[in-house]
Every structure is written in structure tokens, then in C-alpha cells.
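User: Could you take a close look at the largest pocket in this model for me? I would like to know what lines the pocket and how the strand that gives most to the lining is placed.

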Amino acid sequence: LTVEAKQANSSSRALQLLRDYDFDCIVLDNQLGDASGAELLPTIHRESRRPCPVIMITGAGNENLAVRALQEGAADYLTKYQLSADLLTRAIRRALEQQRMRSELDELHQQLEQRVEQQAASIRQSERDLRAILDHTPAVIGYWSADLRNRFGNRAFRHWLGTDPESLPGRTFDEVFGPESVARDQRYIDGVLRGESQSFEHTDMAPDGGASRHAQTSFHPDFGDDGKVRGFYST
């Protein structure tokens, strides 16, 4: 390795160096005089100008300390009784490679999050555009899941029912139209859930109980990627 090394003989000096310089790797002795390396490790991660691996140097028989250091984020640990230039060089190379891979993964993760957010924003905009189109369409349009729960209804649909727009999604066909309408339309519901479009005429009372209204209704199945009917559109 070609290195430029800086040495600190106390925890305060070590932290000052971390604030002043960008390091690629830190070799941390557990015996610092005014503090232990294990105690200093969390502070090093917080104070470093950029993420860098930390290799702990411990005394012989300090396995518990080594485990604690790894749990606190140390990249590796070496014991003093087996320390050599070759061993230290290999540990540094390994720690640098792990840090490089971690940095690349973090960058990929950030790119993925940005891409997901961009796609989510695009979907939200598409939903707003679709809602605006549906709400400005004079035809009555709604969607019902296979278990006969409403997913949405456009403005004309809600006006036809005289229903609060916020209360419509999630309500069942029975709750919205009443059991008599369900019994009347059951064969058409069964047909569309089999994947067959339906068209029929019917007469309903106005929401305020006034004059009867004559309408022609169509059910159109919505197929999933597996070919099964997920629900249907009503117009």
C-alpha cells in the first residue's frame, strides 16, 4: 500500500483529525489513554467527514470486545499478538473493498428511490388526469371489484346516486343501490364476473324519492394479467 498516515495519541486528537481530514481507513487501538477505542467508535462514525471503515486493534483474549466493536460498526478487528504488516495490509484492503461495495450499493439505493419517487409522481399525475377526465364526462361511470365493492365513481355517477363523494369508495353494491337492485341485476353481475359484457335497461327512483328515472346500464369486465376478472366497470 502507498499511504499517508496520521497518528493520534488521544481520543480528542483523533476526533480533531477526523474533522480536519478525509480518511480512507482508520486503524483504532482500543488503548488510547484517555478513552477506549470501543467507546470512541460510535463517535468516529458520527464525526468522520465521510464514511470510512474502522479496523479495531485489541489485546489478546478480548473476544467480547471484538464482538462489541463489530456490533458498533467496525469493519474488522485484529489482535496485537498476531499483528503483522502483511495481516494489517490484507485487513485494510478488505475493509476498503467492503466500503467501496457499500458505497456503490448506497448510491444504487438512492438512484432506485429517486426512480420510484419519479414513477410514483407520474402515477399520481396520471390518476389526477384520469379523475379530471372522468369527472368532466357526462356519462355515469363507476368501478366495482369482484367482491362488489366500489373503487370509484365519477362526478356524474355520484350525482346520479345523490351520494357524498367521500363515502362511495369501499361501499358494497348492496349498500349503494339497495337489495332490490342487487336482486334485479344479479344475473348481469354474475355474467360480467364470468367475463361477459352486459347491457340492460331499468327504472330507478330519484335519490330524493321523486320521479322515476329510466336508464340503460352496461357492465364491462376488467381482466387481470392472469386472465381472471378483477372487477367491472359500470356505465
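Analyst: Happy to help; here is a walk through the pocket, then the strand and its sheet, with a short look at the second pocket to finish.

Please keep in mind that this is a predicted model. The largest pocket holds about 850 Å³ of space. It is lined by 28 residues, and those closest to its centre are Lys6, Phe23, Cys25, Ile26 and Val27. Sorted by class, the lining has 20 nonpolar residues, five charged ones and three polar ones.

Which elements build this lining? At least two residues each come from helix H1 (11-20), strand S1 (26-29), helix H2 (37-47) and helix H4 (85-135). S1 gives the most, with four residues, and this strand deserves a closer look.

The side chains of S1 alternate along the strand. Ile26 and Leu28 point to one face and are buried, whereas Val27 and Asp29 point to the other face and are not buried. Two of these residues, Ile26 and Val27, were already named among the closest to the pocket centre.

Now to the neighbours of S1. Strand S2 (residues 54-58) pairs with S1 in the parallel sense, over four bridges, and Leu28 stands opposite Met56 in S2. S2 is also joined to S3 by four bridges, and these two strands run parallel. Here Ile55 has Asp76 in S3 as its bridge partner.

Put together, the three strands form an open sheet in the order S1-S2-S3, with parallel pairing. S1 and strand S3 (76-79) stand at the edges with a single partner strand each, so one side of each has no neighbour in the sheet. From one strand to the next, the twist averages 25°.

For context, here is the other pocket. The second largest pocket has about 300 Å³ of space. Its lining counts 19 residues, with Val140, Trp160, His202, Thr217 and Thr235 closest to the centre. By class, this lining has 10 nonpolar, six polar and three charged residues. Helix H5 (155-161), helix H6 (173-177), helix H7 (179-193), strand S6 (198-205) and strand S7 (212-223) each supply at least two of the lining residues. The largest share, four residues, comes from S7.

How values were computed:
Residues numbered from 1 in each chain as written. Predicted model: local features only at pLDDT ≥ 70, side-chain atom pairs only at ≥ 80, totals over all residues. Heavy atoms only, no water. 1 Å grid on protein atoms, 1.4 Å probe; cavity = no way out; pocket = protein on both sides within 12 Å on 5 of 7 lines; lining within 4 Å. Points joined across faces, edges and corners; volume = space filled by probe spheres on them. Nonpolar A, V, L, I, M, F, W, Y, C, P; charged D, E, K, R; others polar. Buried < 20%, exposed > 50% of the residue type's maximum accessible area, 1.4 Å probe, protein only. Pairing = 2+ DSSP bridges. Axes fitted to C-alpha atoms, helices over the stretch in contact; angles between N-to-C directions.
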